[in-house]
Amino acid sequence: MSTSIRVFTDGACRGNPGPGGWGALILHDQDEFSLWGGEKETTNNQMEMTAAIKALEYFKESSNISLTTDSNYVKDGIEKWISGWKKNGWKTAAKKPVKNKELWMRLDQLTQFHNVSWNWVKGHSGHRENEIADMLANKGIDEL
C-alpha cells in the first residue's frame, strides 16, 4: 500500500438546497491533482460527502490515505455515527431514516477498501489545501 497520499476535500452550495459543487486536492508523492464537479440541485452536506467519495474513488488500488475535510458532518458521521446507523437498519437514534443514506453507504464501502485516516480543519481559515479544495468546489458550481 502506498503511504504518501494526502487528500483535502470540500463541498459548496449556493442555496441549501441549490446548485452545488465538490472539490478535492490530492497530494501523492511530489504530484498534485485536482478533481471537481457539480450538481444542479443538492445540499452542502451532500457535496461535502461527494468530495470525499470522488477522491477515494480516484484510487483503484487499496491505499493508505490521509483525508482532511472541513466538514464535521462527514468526519463525525464516518467515525462516530455510521456504526450505530448500520446496527439500527440505517435509522438514527431517534428512529428516523438516515439522511443521505446512499452516500453514507458508498463512503463506508470506500473506507473499508482503503485505510483512511480522517482529519478536520477549520474552513475558510487560510489553510492552503483547504482553500484550494474550496476553490475547486466553487469551480464545480461555476461549470454547471
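Here is a chat between a visitor and a guide about a predicted model.

Visitor: Let's start with the sheet. What is the order of the strands in the open sheet?

Guide: The order is S3-S2-S1-S4-S5, five strands with mixed pairing.

Visitor: What makes S3 and S5 edge strands?

Guide: Strand S3 (31-42) and S5 each pair on one side only. From one strand to the next, the twist averages 20°.

Visitor: How do you know that S1 and S2 pair?

Guide: You need at least two bridges between two strands. Strand S2 (residues 18-28) and S1 have nine, in the antiparallel sense, so they count as paired. As one example, Ala12 stands opposite Gly21 in S2.

Visitor: And what makes the pairing mixed?

Guide: Look at the partners of S4. Strand S1 (residues 5-13) runs parallel to S4, with five bridges joining them, whereas S1 and S2 pair in the antiparallel sense. Phe8 has Thr68 in S4 as its bridge partner. S4 also pairs with strand S5 (residues 115-120), again in the parallel sense, over six bridges. There, Asn64 has Asn115 of S5 as its bridge partner.

Visitor: Why is strand S4 called largely enclosed?

Guide: A residue is buried when its relative accessible area is under 20%. Five of the six residues of S4 (residues 64-69) are buried, so the rest of the structure largely encloses this strand.

Visitor: Which helix packs on the sheet?

Guide: That's helix H4 (residues 128-142), which touches S1, S2 and S3. The direction of H4 makes about 140° with that of S2.

Visitor: Over to H2 and H3. Why is H2 called roughly perpendicular to H3?

Guide: Their axes cross at roughly 95°. Angles of 65 to 115 degrees count as roughly perpendicular, so H2 is roughly perpendicular to H3. The two axes come within 11 Å.

Visitor: Which residues of H2 and H3 make the contact?

Guide: On the H2 side they include Tyr73, Ile78 and Trp85. On the H3 side, Trp104, Leu107 and Thr111 are among them.

Visitor: How many aromatic pairs does a search of the whole structure find?

Guide: Six. One of them joins Trp85 and Trp104.

Visitor: Why is the pair of Trp85 and Trp104 called edge-to-face?

Guide: Take it in two steps. To pair at all, ring centres must lie within 6.5 Å, and these are 5.2 Å apart, centre to centre. Next, planes over 60 degrees apart count as edge-to-face. The angle between the planes here is 65°, which puts the pair in that class.

Visitor: What does the pair tie together?

Guide: Trp85 lies in helix H2 (residues 72-87) and Trp104 in helix H3 (residues 101-113), so the pair ties together parts that are 19 residues apart in sequence. Ring pairs also link Trp85 and Trp104 with Tyr73 and Trp81 into a cluster.

Visitor: How do you know whether Trp85 and Trp104 are buried or exposed?

Guide: Check each value against the cut-off for buried, under 20%. Trp85 has a relative accessible area of 11%, so this residue is buried. Trp104 is at 0%, so this one counts as buried too.

Visitor: What about Trp90, buried or exposed?

Guide: Trp90 is at 14% relative accessibility, so this residue counts as buried. Trp90 lies in the loop between H2 and H3. Its phi is near 60°, a positive value in a residue other than glycine.

Visitor: Where does Asp29 lie?

Guide: In the loop between S2 and S3. The phi of Asp29 is positive as well, near 55°. Exposed means over 50%, and Asp29 has a relative accessible area of 52%, so this residue is exposed.

Visitor: Why is Lys40 called exposed?

Guide: Lys40, found in strand S3, has 62% relative accessibility, so it passes the 50% mark and counts as exposed. Leaving aside neighbours within four places in sequence, Lys40 is in contact with Gly18, Pro19 and Leu144.

Visitor: What joins Asn16 and Pro17?

Guide: A cis peptide bond, with omega about 15°. Pro17 is found in the loop between S1 and S2.

Note on methods: Residues numbered from 1 in each chain as written. Predicted model: local features only at pLDDT ≥ 70, side-chain atom pairs only at ≥ 80, totals over all residues. Heavy atoms only, no water. Buried < 20%, exposed > 50% of the residue type's maximum accessible area, 1.4 Å probe, protein only. Helix = DSSP H or I, 4+ residues; strand = E, 2+ residues; numbered from the N terminus. Phe/Tyr/Trp six-rings, centres within 6.5 Å; stacked < 30°, edge-to-face > 60°. Axes fitted to C-alpha atoms, helices over the stretch in contact; angles between N-to-C directions. Contact = heavy atoms within 4.5 Å. Parallel < 35°, antiparallel > 145°, perpendicular 65-115°, else oblique.
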